[in-house]
Structure formats: structure tokens, C-alpha cells
Amino acid sequence: MKKITIIAVVLLLFFSPSFLFSEGAKEKKVENKLEIFSWWTAGGEAEGLEAMFDIYKSKYPDVEIINATVAGGAGANAKAVLATRMQGGNPPDSFQVHAGHELIDTWVVAGKMEPITFIFKDNGWMDVYPKGVIDIISYKGEIYSVPVNIHRSNVLWYNKRIFQESGLTPPKTLDEFFQVAEKLANMGITPLALGDKNTWTSTHLLESVLLATLGPEGYKGLWDGSTPWDGSAVRKALDNFVRMLKYVNTDHAALTWDAATQYVIDGKSAMNIMGDWAEGYFKAKGLTPGKEFGWLPSPGTQGSFMMLSDSFGLPKGAPHRENAIRWLTVCGSREGQDAFNPIKGSIPSRIDGDKSLYDEYLQSAMKDFSKNAIVPSVAHGAAASEGWLTKINDIMTVFVSERNIDKAVEQFSKAARESLGK
Ligand code: GAL
């Protein structure tokens, strides 16, 4: 009996490691995945993401990439899906998140992210990212995401043919905008395309008008309490915004940002105020910058660069942590950024991008980024917490339909007080 037991134990010891090993290997093989969560589904942004995936696949051909996208610009739907997943302990391996308040206030302070300073150090990146960029992705001395780009929010895009044929000049100031818009409207052309099916596009338009009306310092002061929301400058900005709404397409509430951009391509509207992912969209549709479409800083904002940055982080409990670290390494590399950004319509967040790969618009954006006053976008998570932004978006939904300035001022002021704790 004793002998049989000993033989059984020996047999078990002999076979079990290989048994465990082969199961483990099997499991590892099945599990060699990388799930990347984003809202990049429209023309330009989807292709840009694919370009980074291609680099990843060429380096790690055995890893299966799961492209977990949730459609809806600016994360209109994705952010809620992500929150549910994170709360349920089901994080993706890495997710798109705006650098600044969105990253820090929503995820880092809540203890949901791993610090990734080591990736920056291991790759020698501490000196190839501007200090200002490192600052907005850092918390208590640690870095928490890899920024893949810098986007500009305050851009006016216009259909060149419409302006040539009408003999009009694209507007540089708000006054010029209203003059040109009136003339276009009289010619039967919709001056400005808006697609606010998801409210963020109204907020996006408002931030440009706030910047134009308040100037860069006044605009920045809105987010630290030094510019009052119930002062005459904000009222003036809201008045400008309401005046602008007179010139938008009547079906704006049914369109998304990309459908509104398509209106400019199709000549259904003359202009659009949208971030430079619209440039990625124009190019994805086969257009050439400077040929069919032109650009200017949104009216009245010359000299200011309203910035935002898309980044990727490492959630705690990422199911395929090693693959995620490799992904972040691609995102932060020069090669990754120079493949992604020329397609995406953004400029690299690194200082050493290869300029020759960037078109005329993007080179002008690089130049402006280096000399303009830099201000943070609120519609895209850089200027204020997500909680505050949600309140602003809610106020905008009602404001666009009611156009009641007194009510909006009161609500904006309340939201600012609550968010700043003042
Ligand atoms: C922004 C994002 C851009 C672009 C845009 C439209 O929030 O930063 O990269 O994707 O939404 O989807």
C-alpha cells in the first residue's frame, strides 16, 4: 500500500509540472491580447489609430489587438462605457484619455491608474516632451499617461470654392465673421456648419467664442475663478454665440461633428469651427489642404492656440499589462507619433517630430504652438474636471434651444462655484 502511494506521488510529481506548464502555455497563447479603448471611429481618427496598430503588429506579431471603440466624438458615449467598465473591475489594457483634468481628476486621483514614469525614463523621454506637457500628465511627482498628440481646438475651416466664387474673404475677427455670414446667408449659402447631435460641439464652438471675446488671460481665468462667469465679458460672449447660431444649418441637432464637416466638403455650408481632427477627416475624404479647404484661427483668436492632447494610460489591473506597456512605448515613440499624427490632423507631442512628414496645415500648427499663447480646451478635458464639463454640456443643450442668456449666466456661475468650491 505504502509502495503504491509512493509510486502515485512520484508519478504525480513527474507529470504535473509538464501538465501545468502546457496548460499555462496554452492559456498564455490564447490570452496574448491587447485591448485598446477609444472613440476614434470617424475618418482620419480611425486611420490614425490603425497606423499605430500597424507599428505594434510589426513589432509584436503574436499579439492580437482588440480595437475597442465606442463611436461618438469627444468620447460622448465612450466615457460612460469606460466608467462602467472601470467601476466593474473590467478595465481595457489601455484607454484614450485627455491629458489634464480628465486624466488627473477622473482617474489618477481616484487611484485607478498605475504611474508610468518608468516608461518615460526607460525610453529617455524626459527631455523630448515639453515641460508643459509633462506637467499636465503628472500628479504628485509621477507621470500617468503617454500623450500621442497636440490638437488645436480653435480652427475655422472653410470651403475655398465658396469663398472664391462669392468674392468674400474668410473672416479673421468676430465682426468680420458676422459680416461675411450675413452676405453668405443672403446668397442662400449656409454660413456655418454645426453638428450638435452630441452637445460637446456646442461647447466646442462656445470655447472659441469665449476665447475670442475674453482673450487668452480672461479665458484662462474662467477655470481658476479669476474671471467671473456673471461679468459683462461672458455675457458678451454668450451674445456672440447666440448671434452665430443664426447662421448655422437648420438640421444641426441631427448631425455629428463629422457629418457637419462633410457639409463643408459638399459645399452645403461655407465654414466650420472644429478641432483639427477635421483636417484628418478632410484628408481621409481625399481632400488636399490649401486646395479644396482652407483654415484660419477661429474668428478673433489669432495669437492663441487652444490646446488639448489625447493620451493613453495604464489602468490598474490591465489584463495584459506587458502588452499595454509595449503599446504605450509605441504611442510615445517618434516613429509612432510620426505615423499617427500626419493622418490624425494633429502635431506630435514630442519636440523631435520629423517636420517633413507633416502637411502645410500641420506645419502652420507646429509654428503657432511654438509662439502662441497656449490655453486649455474645456470641451476636451484640458481646462476643467469632467464633472464641471458635464454641467457645462448640460447647460449648453438647453441654451442652444432656449437662447436665454440670463438663465445660462446663472447656471454657468453656479457650476463654476460648485466646481471651484468658492
Ligand atoms: C476629441 C479628441 C480628438 C478627436 C475628437 C473627435 O475629444 O481629442 O482626438 O477624436 O474628439 O472625436
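**Reading salt bridges, a domain interface and a ligand site**

Author: A good place to start is with Asp 54 and Lys 57, whose side chains meet in a salt bridge at 4.0 Å, N to O. Please keep in mind throughout that this is a predicted model.

Reader: Why can side chains of opposite charge pair?

Author: The general idea is that such side chains can pair when their charged atoms come close. In this case the two residues, Asp 54 and Lys 57, both belong to helix H2 and are 3 residues apart, which is about one turn of the helix.

Reader: How many salt bridges does a search of the whole structure find?

Author: Searching the whole structure gives 19 salt bridges, and the count between domain 1 and domain 2 is 3. In another salt bridge, the side chain of Arg 152 meets that of Asp 368 at 2.8 Å, N to O.

Reader: Where does the domain assignment place domain 1 and domain 2?

Author: An assigned domain need not be read as one unbroken stretch of numbering, and here domain 1 is given as 32-151 + 308-374, while domain 2 is given as 152-307 + 378-420. Their centres, taken over C-alpha atoms, are separated by 25 Å, and the contact draws 37 residues from domain 1 and 33 residues from domain 2.

Reader: What area is buried between domain 1 and domain 2?

Author: Buried area is the accessible area that two parts lose on being put together, summed over both. Between these two domains it comes to about 2800 Å², with carbon and sulfur atoms giving 58% of it. On the side of domain 1, the residues that lose the most area to domain 2 are His 151, Leu 308 and Tyr 361, which together account for 24% of what that side buries.

Reader: Which residue pairs and elements should I look for across the interface?

Author: Across the interface of domain 1 and domain 2 there are 14 residue pairs in polar contact. The elements giving two or more residues to the domain 1 side include helix H2 (45-59), helix H4 (101-108) and strand E14 (373-376), but H15 gives the most, with 7 residues. By class, that side of domain 1 has 15 nonpolar, 13 polar and 9 charged residues.

Reader: Which residues come nearest to the ligand?

Author: There are 13 residues around the ligand, and those that come nearest are Glu 45, His 98, Asp 310, Lys 344 and His 380. To read such a site, follow individual atoms: an oxygen atom of the ligand is 2.6 Å from a side-chain N or O atom of Glu 45. For His 98 the corresponding distance from a ligand oxygen is 2.8 Å, and for His 380 it is 2.8 Å.

Methods: Residues numbered from 1 in each chain as written. Predicted model: local features only at pLDDT ≥ 70, side-chain atom pairs only at ≥ 80, totals over all residues. Heavy atoms only, no water. Domains from an automatic or database assignment. Contact = heavy atoms within 4.5 Å. Buried area = accessible area lost by both parts, 1.4 Å probe. Polar contact = N/O pair within 3.5 Å; in protein donor to acceptor, adjacent residues only side chain to side chain. Helix = DSSP H or I, 4+ residues; strand = E, 2+ residues; numbered from the N terminus. Nonpolar A, V, L, I, M, F, W, Y, C, P; charged D, E, K, R; others polar. Near = heavy atom within 4 Å.
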